[in-house]
Amino acid sequence: MTAIKVENLVKSYLTYKRGSGFSETVKSFFKREKVVVNAVDGISFDIEKGSICGILGPNGAGKSTTIKMLCGALFPTSGSIDVLGYSPARDRAKYVRKIGAVFGQKSQLIWDIPPIDSFAMNKAIYGISDEDYKSRLDEMTELFDVGEVIHKPTRVLSLGERMKCEFIMAMLHRPEIVFLDEPTIGLDVIAKNKIREVVGEMNRSGTTFILTTHDLEDVEQLADSVIIINHGKKVFDDSLTSLRTVLGSKKIVDISLTKPFDGDEINGAKIIGRENEFDISLEVDTSEMPIAEFLRTLTGYAEFRDISVKELPMDMIITKIYSE
């Protein structure tokens, strides 16, 4: 079942161009050259209910503008958005009861009061019953292990503690779709893993998540599908498995040699990294030589102490798509 359907979405902004220097500045008071900028330029995609979709792109690509339109915070210039049967901007009053949002760089919590008081405010705004509120709050505080934290003023909380409380704030009314914009930015490894764990658990219970992030580990661990936007246009829309095949069927093999080696390839595999004269990384094209065959014949070309095989790094794949 489709939860989000976007067709030919466009968001344009009108800005003005002027030259530098005093004379150009004076001229701009009387005549300015108009420039139309398409932050989002005719993108279309579907997102299935109960999935986790990552929306990726470099800074300025248009992904945050897309998320704001999906949330109903911005009106599209043209095109259509259907989320659970609602038009986000037009049906905003009803629609916001169906969604939640966590923005890593913007807080919903009130700075000078404890999170528990901010939660109570959301309870009143969304008309959550006492029974549902207590049940949901107990469930979420146990998941995030913040039973004591929620009673401290927000301003004294660590970043990790505050982000956990931001999640609780967004999830109290049991939204069907949750938008996550850089939810793990600046967090330590423990806090990141906890948030990923809870997102995975909530998704298994049926919640749909839309994730925008520059942390590709979030995408690798959570996302089922990926949409990549660059210069306002969609450049990739498929599963995470398909994304890995963008650069072909390749593996990275890290080996520690017993003797120094200064060549460019071993057993037909190109050397793509060299930590020192003993420890090197190879790129193996498995469409030309299956990885099992490569490993069997490797000992005839070089002696090694240790070896590991892994997938191509996600950042290498994403960089390739961005550059093209």
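**Notebook: aromatic pairs and the α6/α7 contact**

I looked up Phe144 and noted that it counts as buried, at 0% relative accessibility (buried means under 20% relative accessible area, with a 1.4 Å probe and protein chains only). The model is predicted, so I kept in mind that local features need pLDDT of at least 70 and side-chain atom pairs pLDDT 80 or more, while totals for chains, interfaces and linings use all residues. Residues are numbered from 1 along each chain as its sequence is written, and side-chain values use heavy atoms, without hydrogens and water.

I searched the whole structure for aromatic pairs and found two (ring centres of Phe, Tyr or the six-membered ring of Trp within 6.5 Å). For Tyr86 and Tyr95 I recorded ring centres 6.2 Å apart and planes at 50°, so this pair is tilted (neither under 30 degrees, stacked, nor over 60, edge-to-face). Tyr95 is buried, with a relative accessible area of 0%.

I then recorded Phe144 and Phe167, with ring centres 5.8 Å apart and planes at 50°; this pair is also tilted. It links distant parts of the chain, Phe144 in helix α5 (residues 130-144) and Phe167 in helix α6, 23 residues apart (helices are DSSP runs of H or I, at least four residues, numbered from the N terminus). Phe167 is buried at 2% relative accessible area.

I next examined helix α6 (residues 159-171) and helix α7 (residues 189-204), whose axes come within 10 Å and cross at roughly 15° (axes are lines fitted to C-alpha atoms over the stretch in contact, and angles run from 0 to 180 degrees between N-to-C directions). That makes α6 roughly parallel to α7 (angles under 35 degrees). Phe167 is among the α6 residues making the contact, and Ile195 and Val199 are among those of α7 (heavy atoms within 4.5 Å).

Conventions: Helix = DSSP H or I, 4+ residues; strand = E, 2+ residues; numbered from the N terminus. Parallel < 35°, antiparallel > 145°, perpendicular 65-115°, else oblique. Buried < 20%, exposed > 50% of the residue type's maximum accessible area, 1.4 Å probe, protein only.
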